[in-house]
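Colleague: I am new to this one. Can we go through it in short questions and answers?

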Amino acid sequence: MTRVTSFEGRLAGDDAPARRHAVVVGGGLAGVTAALALADAGVRVTLLEGRPRLGGLAFSFQRGDLTVDNGQHVYLRCCTAYRWFLDRIEGAALAPLQNRLDVPVIDADRPEGRRLGRLRRDPLPVPLHLGRSLATYPHLSLAERANVGRAALALKRLDLADPALDDQDFGSWLAAHGQSPRAVEALWDLVGVATLNAVAGDASLALAAMVFKTGLLSDPGAADIGWAHVPLGELHDRLARKALESAGVRTEVRTRVTSVSTDGNGGWSVQVPGETLDADAVVLAVPQREAYDLLPAGALDDPERLLGIGTAPILDLHVVYDRTVLTSPFFAALGSPVQWVFDRTRASGLREGQYLAVSQSVAQNDIDEPVAVLRERYLPELERLLPGARGATVRDFFVTRERTATFAPAPGVGRLRPGARTKAPGLYLAGAWTATGWPATMEGAVRSGVGAADAALSALGRPRPRHLFAWDGAAGRGAPGPAVREGLR
C-alpha cells in the first residue's frame, strides 16, 4: 500500500510553511474547474477520475471513422463562467457564439411552405430586441403573442432571491399569466425543456425564472447560442488535460475513490485502490448519489436530502444520411416528438453525406426503448420535417442514453441543493446539482467548481487568483450571477 503525504520536503534551513495539497474527486467540468482554480492559487492538486477520460457527461467517443459527442451541448453568451472556462483551457475559438440569436423553428403540423418561423433578436435594448421576432412569430396567434409579452414583463419583475418561487411550478405560473397550452408548447417549453430538462409544469418557478430572466431579459445578446465545432472531447478532455498539466495538477484517470475520511490531525485521507492520499482539502465533484456515499458522518446536517434530488434522462439519436438534408446548423421542432436537431457533420469528421444529432430532453418515455423502435418512430418524423430526407439513404442510426443526465429541476429542489462548504473543515462539494442558482448546465458545473475552490482557498489562507471567474454566489451561496444545461446543456 502506497501512502502519499500532503507535505513536500523542506529544503534545509527553509522555515516557510509546507505547500498545501488538495485532492479533487471527479473530472467533470466542476472538478476540472476546481483543480485549475486551486492550482492557479499555488495549491498542489491531485485530480482523480474513475472514467478513462475527463469531461463528465460532456464527452466524445469513436464509432468507426465518426467522432461522436455523447449528447449535443450548447451554451449561451450569458454563460460567463463557461466562457471563462473555455478561455482558461484555450478553447474559445473552437466553440464560437452566434453573432446574433437566430433559431429556426419548424412546425410539422403546418402546411409545407408555411412551417418555418424564427426566434431572433435585433440590435435593440431589452425587451425591444425580441419585439419584432415575437410580433412576426407565425406559430402563435396575435392574441397569444400579446399575452407572451405581458408574461415576459411579469417574469422580469420576479425577485429571484424570493425562496417562495422554488415552491411553485412554472406551468401554473404561466397559466395564471394568460399563457395558452399552444404558447407553452411553441415558446416557453421550446426553450425551457432544452435548458431545464423538464416541461413547465414539472419545473421550479425559481429555476425557470432564472433561465428566462438571465437568457432573454437581461442583455440583448444574452441568448446568443454557442456550440463546439469540434468534438467535445477535444475541449473537455484533451485541452483540459493540457491546461491541468501546465498548472502542475497530477491527473489520474481510471482511478475510483473508495473512501474519504479525516486523518485525526486536521487533514484528510483519500483512499483509492493501492494508494492513500493525504490532503489538506478535498473537493467532491461527483454526482449527488456518489457524494452521498463518500461523505463522512456529520459532514452535512441532513445528508439524506442529496438522495431527494431527482434525476432526469436525455436521449440523443444519431443519424447519418448519404446526402445533405439540412442546410442550417440546427433547428427546433414543433408538432413532432423531435425537439432539436443539429448538423454534426464537420465536427464528427464525416467526409461524405450528413450526420445529424437529434437531442431529446425529458426523455422518460423513450429512454429505454429499443433502437429499432426509436428508428421506426423518429426517421419518419425527420422526413416530415426535412423534405431533403425523403428518399435519402440512412447509412447509420444509433442512440446514446443518459438516464441520469441532469438533476430534476422540480419545485422544492432548491432547499435540497447544498452549498460548497460542508460542516467538516476542509471538505467541499461541487457539481451542477449544488446550490449554484442554475439548472443542470455546463455553466452551473463551472460555477460550482469556482465556488468550491473559493471556499477551499479561504480556509487554506491562499489568495484568490486574479484571473479566476468572479461571481456573487461563490462558496456555495447559490445566488445567480449575470451569466444553459448539459443538452441544450
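Modeller: Before loops come up, one definition: helices (H or I, at least four residues) and strands (E, at least two) are DSSP runs, numbered from the N terminus. With that, arginine 254 can be placed in the loop between β10 (250-252) and β11 (259-262). Keep in mind that this is a predicted model.

Colleague: Is arginine 254 buried or exposed?

Modeller: Exposed means over 50% relative accessible area. Arginine 254 passes that cut-off and is exposed, with a relative accessible area of 64%.

Colleague: What is the phi of arginine 254?

Modeller: Most residues other than glycine have a negative phi. Arginine 254 is a residue other than glycine, yet its phi is positive. The value is near 50°.

Colleague: Where is valine 362, and what is its phi?

Modeller: Valine 362 is found in the loop between β18 (354-360) and α12 (371-385). At 26% relative accessibility, it counts as partly exposed. Its phi is positive too, near 45°.

Colleague: Which residues does the cis peptide bond at proline 127 join?

Modeller: Most peptide bonds are trans. Proline 127 lies in the loop between β8 (116-120) and α3 (131-135). Omega there is about 0°, and the cis bond joins valine 126 and proline 127.

Colleague: What pLDDT does the protein average?

Modeller: Of the residues, 92% score at least 70. Over residues 6-17 the pLDDT is below 50, and that stretch has 12 contacts beyond near neighbours in sequence. Residues 474-488 also fall below 50, with 78 such contacts in the model. The protein's average is 93.

Colleague: How far apart are the end C-alpha atoms of helix α13?

Modeller: Helix α13 covers residues 442-460, which is 19 residues. At 1.5 Å a residue, they should span 27 Å. The model agrees, with the ends separated by 27 Å.

Colleague: How many residues of α13 are buried?

Modeller: Buried means under 20% relative accessible area. Helix α13 is largely enclosed by the rest of the structure, because the buried residues number 17 of the 19.

Colleague: What follows α13?

Modeller: The phi just after the helix is positive, about 70°. The residue there is glycine 461.

Colleague: Which residues touch the most other members of the largest nonpolar core, and what gives the most to it?

Modeller: This core has 130 residues, and Leu38, Tyr82, Phe170 and Leu284 touch the most other members. The element that gives the most, with 10 residues, is α13.

Colleague: How many residues are in the other core?

Modeller: That core lies apart from the largest one. Its members include Tyr321, Ala333, Leu386 and Ala389. The count is 26 residues.

Colleague: Which residues does leucine 38 touch?

Modeller: Leave out residues up to four places away in sequence. Leucine 38 then touches Ala22, Val24, Val43, Val45, Val283, Ala453, Ala456 and Leu457.

Colleague: Where is the kink in helix α8 centred?

Modeller: Helix α8 (residues 232-246) has 15 residues and reaches 20 Å from its first C-alpha to its last, close to the 21 Å expected. Its buried residues are Leu232, Gly233, Leu235, His236, Asp237, Leu239, Ala240, Ala243 and Leu244. The kink is about 30°, centred on alanine 240.

Colleague: What is the phi of glycine 248?

Modeller: Glycine 248 follows α8. Its phi is positive, near 90°.

Colleague: Which residues are in contact with phenylalanine 85?

Modeller: Phenylalanine 85 is found in helix α2 (residues 80-88). It is buried, with a relative accessible area of 0%. Leaving aside neighbours within four places in sequence, its contacts are Leu29, Val32, Thr33, His236 and Val446.

Colleague: What separates the C-alpha atoms of valine 148 and leucine 187?

Modeller: Valine 148 is in helix α4 (residues 142-156) and counts as buried at 3% relative accessibility. Leu187 is among its contacts, with Leu134 and Trp188 also included. The two residues are 39 residues apart along the chain, and their C-alpha atoms are separated by 8.8 Å.

Colleague: Which side chain makes a polar contact with that of threonine 400?

Modeller: Threonine 400 lies in strand β19 (residues 394-407) and is buried, with a relative accessible area of 7%. It touches Phe61, Asn70, Ile314, Leu315, Asp316 and His318, not counting residues up to four places away in sequence. The polar contact, at 2.9 Å, is with the side chain of histidine 318.

How values were computed
Residues numbered from 1 in each chain as written. Predicted model: local features only at pLDDT ≥ 70, side-chain atom pairs only at ≥ 80, totals over all residues. Heavy atoms only, no water. Expected span 1.5 Å × (residues − 1). Buried < 20%, exposed > 50% of the residue type's maximum accessible area, 1.4 Å probe, protein only. Core = buried A, V, L, I, M, F, W, Y, C linked by side-chain atoms within 4.5 Å. Contact = heavy atoms within 4.5 Å. Polar contact = N/O pair within 3.5 Å; in protein donor to acceptor, adjacent residues only side chain to side chain. pLDDT = per-residue confidence, 0-100. Bend = angle between axes of the 7 residues up to and from the residue.
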